[in-house]
Every structure is written in structure tokens, then in C-alpha cells.
Amino acid sequence: MLLLKIFLEFCKIGIIAFGGGNAIFPILHHEVVETLHWVSAQDFLYMVSIAETTPGPIGMNLATFIGYRLAGFLGALIATVGYTFLPFLIMLFVAIVAVRIRENKIYKKFLSAIMVVVLALLMRAVYLMAKGGFSDLRPYFLALAAFIVFMKFKKLNPIYLLIICGLIGMICF
Amino acid sequence: MAENKASLISVLKLFSIFFYVAIFTVGGGIAMVPVLERILVEKKKYLSEKEFTEVFSVAQILPGSLMINMATFTGYQIAGFWGAFLSCVAIMLPPITIITLISVFYTQFIQFTLMKKLMIGILAGVVGEVSGITLKMFKKTKFDTFKIILLLLSFALIFIFKVNPIYVVVIGALLGISLGRMEE
């Protein structure tokens, strides 16, 4: 019964998560801390700080975390699948349609405007990441260096660049 | 038969690409965008530059985590339903494993500040790479008067008026359909 409740709860949270992990903190806090009392406010903050600094989408990390807390590994699995389930179905449906209407005039107009809006959304993502994750000036310099290297060396695997940045962070931050 | 085998191989390749990328996604799904662009477009040539921008833009404006959406759309585009499904499973595995391990060794992890420094370093790299991809997309855009105004409007709504991005997307889509022009 608890597993079913976890599943449905994270289905709901997954569908209202828009604009990435940061946007779901308040919603998730309201649901799991204030309404359901699944985790304490302090634990929630701790979980957010871990979710932000471990690999994976932040919302998905939080789902796994809370699910594990409630019902062990099975809970973690159910919460994560629930979080993913509806967005997957919606996206799949849109993909099926999009692939078939690529030549449609309205879709083309829509897409060409959306690509411009996405530029602004990308700038917002960069801004939020830097604001939320950088404690002092050093990460900004590292980010600038990564930007230059990324643009200059087209053949370089971006993952290697990330690993190097991580190591530099370990030594210098 | 040969076709089945080819699609099986592409599904497996997709699975390994998304699994690999998910391990290095720190700071939200956006981190995977530059990495995926290089792998899917430039190295493997699974998608054209234009298709990639389409996938990314549509994934960005739908509900749900960017990463799930990108995996689903890319997977479907390249290898149909199973491509979409297994790409999604692949991105779920690293978070499930890592967070479960952290939950098990809960208290020990708090003191682990070196880990935090590593992650801030990676995040700085992500910020640099995402800035790079933004600049690249900006350069590729064929700007006309409408697009310049739309870009300025989106900036103002997001950064000055702090409007929820979902409304900015809706406004942009409506303006585009009614006033915009098609790309070639």
C-alpha cells in the first residue's frame, strides 16, 4: 500500500516538475514535508544538498532518496520510476507526433520561435547553476576556462573536460 | 532480419550512450546537452544539428526532467519505442545506484567535503560547456526582426520580470505561430 502511495505521489510530482530540478523544490517540500510528513524539514534540506551534488537529474535523485527512506531499495525504485513515468509517456507521444508533422507549416513556425525562447532559457539555466553552486570567484574562472576549451577543441570529449574540471575543483577549491 | 539486427545494435548503443552520459550529469539535466550534442551529432552522426536543436527545444518545454525528455525523444527518433524506453532506463540507473549507496552510508557522506569540491568543479565545467552550446545555437540562428524582438522579450520576461518559464514558452509559441516565418 505504501509502495502504491509512493508511486502515485511521485507520478504527480513528475508531471508538475517543469523547468528542471530547482523548480520542484517548493512543490516537493510542500508535499513530502508539510502534507505527508514523510521527511523532516531538516532532512529535506540535507537531501537537496546531496541531490544537487551527485550525478543525475536533481528531481530524480530526490525521488530516489525519499523513496529509499520510506521503503528501502524497492521504495527508491518505485519512486524513481513514478517520477519518470508520465513525462516519458507524454514525451513519447509528442515525439511520435513531431516526427510525422515535421513538414507542417505551423509546426515549423512554432519550432523556429521556440528555438529562440530556448536560448533565453539556456541563459537562465547557466545563471541558476552559477548562482546556486558557486561559492566564490574561483569556479567562475574555471567555468570561463572550460568555455574557452570547449569552443576551441571541437574534437575533445566534453566528459573528459568535466573530469578535468572536477579534479581541478578537488585541488583548488 | 538484417534490419532487426541493426535496430538492436542501435538500441544497445543508445543505452550505453545515455548510461555513460547520465553518470556525468551534475547540476540537472542541462549538463548532458553539450555532451550529447558532441556524441550524437558530431561523432556518431545519429542526428543532424537541426534535429538535435529540435529535440532539445521540445524536450525543454515539456513537463518532466529535461533528461528524461531528451532521452525519450532522441531514443524514439533513432530507434523507435524500444530506443526511447531503454534510453530512459539507462539514465535512471546511475542515480538509483548512487543515491541508494549514499542512503546506505548516510552519515559518512556528510563529512565527505572532497566529494563536494569535485562536484563544484564539474559544475563549473558544465556552466562553461552549456555557455558554449548556447553561443553555438545563437550563431546558428538566422535572425530576422521578429526573432530579435522575441529574444529580447524572452530575456526581459525571464530575467527582469521573473516570469515562470512555462508562460514565456507559451507566449513565444503563440507569437511564432501568428507572426513568425518558417525556416527555409
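**Exercise 1. A residue in helix α4**

Is A:Ala98 buried or exposed, and what is its relative accessible area?

*Solution.* Before we start, note that this is a predicted model, in which local features need pLDDT of at least 70, side-chain atom pairs count only at pLDDT 80 or more, and totals for chains, interfaces and linings use all residues. Residues are numbered from 1 along each chain as its sequence is written, chains are lettered from A and ligands numbered from 1 in the order in which they are written, and side-chain values use heavy atoms, with hydrogens and water left out.

Step 1: recall the cut-offs. Buried means under 20% relative accessible area, exposed over 50%, and partly exposed in between (1.4 Å probe, protein chains only).

Step 2: apply them. A:Ala98 has a relative accessible area of 2%, so this residue is buried.

Step 3: place the residue. A:Ala98 belongs to helix α4 of chain A, residues 58–100. Helices (H or I, at least four residues) and strands (E, at least two) are DSSP runs, numbered from the N terminus.

Step 4: list the partners. With neighbours within four places in sequence set aside, A:Ala98 is in contact (heavy atoms within 4.5 Å) with A:Tyr107, B:Glu54 and B:Phe73.

**Exercise 2. Looking for disulfides**

Find how many disulfides the structure holds, and explain the result for A:Cys11 and A:Cys165.

*Solution.* Step 1: set the criterion. A disulfide is a pair of cysteine sulfur atoms within 2.5 Å.

Step 2: search. Over all chains, the whole structure yields zero disulfides.

Step 3: check A:Cys11. The closest cysteine sulfur to that of A:Cys11 is in B:Cys88, 13 Å away, which is too far for a bond. A:Cys11 is buried, at 8% relative accessible area.

Step 4: check A:Cys165. Here the closest cysteine sulfur sits in A:Cys172, and the distance of 11 Å is again too far for a bond. A:Cys165 is buried too, with a relative accessible area of 2%.

**Exercise 3. Helix α7 of chain B**

Compare the span of α7(B) with its expected value, then work out what its buried residues pack against.

*Solution.* Step 1: take the length. The helix covers residues 145–160, which is 16 residues.

Step 2: compare spans. The expected span is 1.5 Å times one less than the number of residues. From first C-alpha to last, α7(B) reaches 22 Å, close to the 22 Å expected.

Step 3: pick out the buried positions. They are B:Phe146, B:Lys147, B:Leu150, B:Leu151, B:Ser154, B:Ala156, B:Leu157 and B:Ile158. An α-helix has 3.6 residues a turn, so residues three or four places apart point the same way.

Step 4: name the packing partners. The buried residues of α7(B) pack against α6 (113–140) and α8 (165–179) of chain B, together with α5 (105–133) of chain A.

**Exercise 4. Positive phi values**

Describe the backbone at B:Lys162 and A:His37, and give the setting of each.

*Solution.* Step 1: know the background. Most residues other than glycine have a negative phi.

Step 2: take B:Lys162. Its phi is near 50 degrees, a positive value in a residue other than glycine. B:Lys162 comes just after α7(B), in the loop between α7 and α8 of chain B. At 59% relative accessibility, B:Lys162 is exposed.

Step 3: take A:His37. Phi of A:His37 is near 55 degrees, also positive. A:His37 lies in the loop between α2 (21–35) and α3 (41–53) of chain A, and its 61% relative accessibility counts as exposed.

**Exercise 5. The two chains side by side**

Build a short profile of each chain.

*Solution.* Step 1: count elements. Chain A has seven helices and zero strands; chain B has eight helices and zero strands.

Step 2: give the extents. Along the principal axes, the C-alpha atoms of chain A fill a box of roughly 55 × 50 × 25 Å, while the C-alpha trace of chain B spans about 55 × 55 × 25 Å.

Step 3: look at burial. Of the 173 residues in chain A, 50% are buried; of the 184 in chain B, 55% are.

Step 4: locate the charges. Lys and Arg count as positive and Asp and Glu as negative, with His and the chain ends not counted; each charge is placed at NZ of Lys, CZ of Arg, CG of Asp or CD of Glu. The centres of the 14 positive and 7 negative side chains of chain A lie 17 Å apart. In chain B, the mean positions of 16 positive and 10 negative charges are 8 Å apart.
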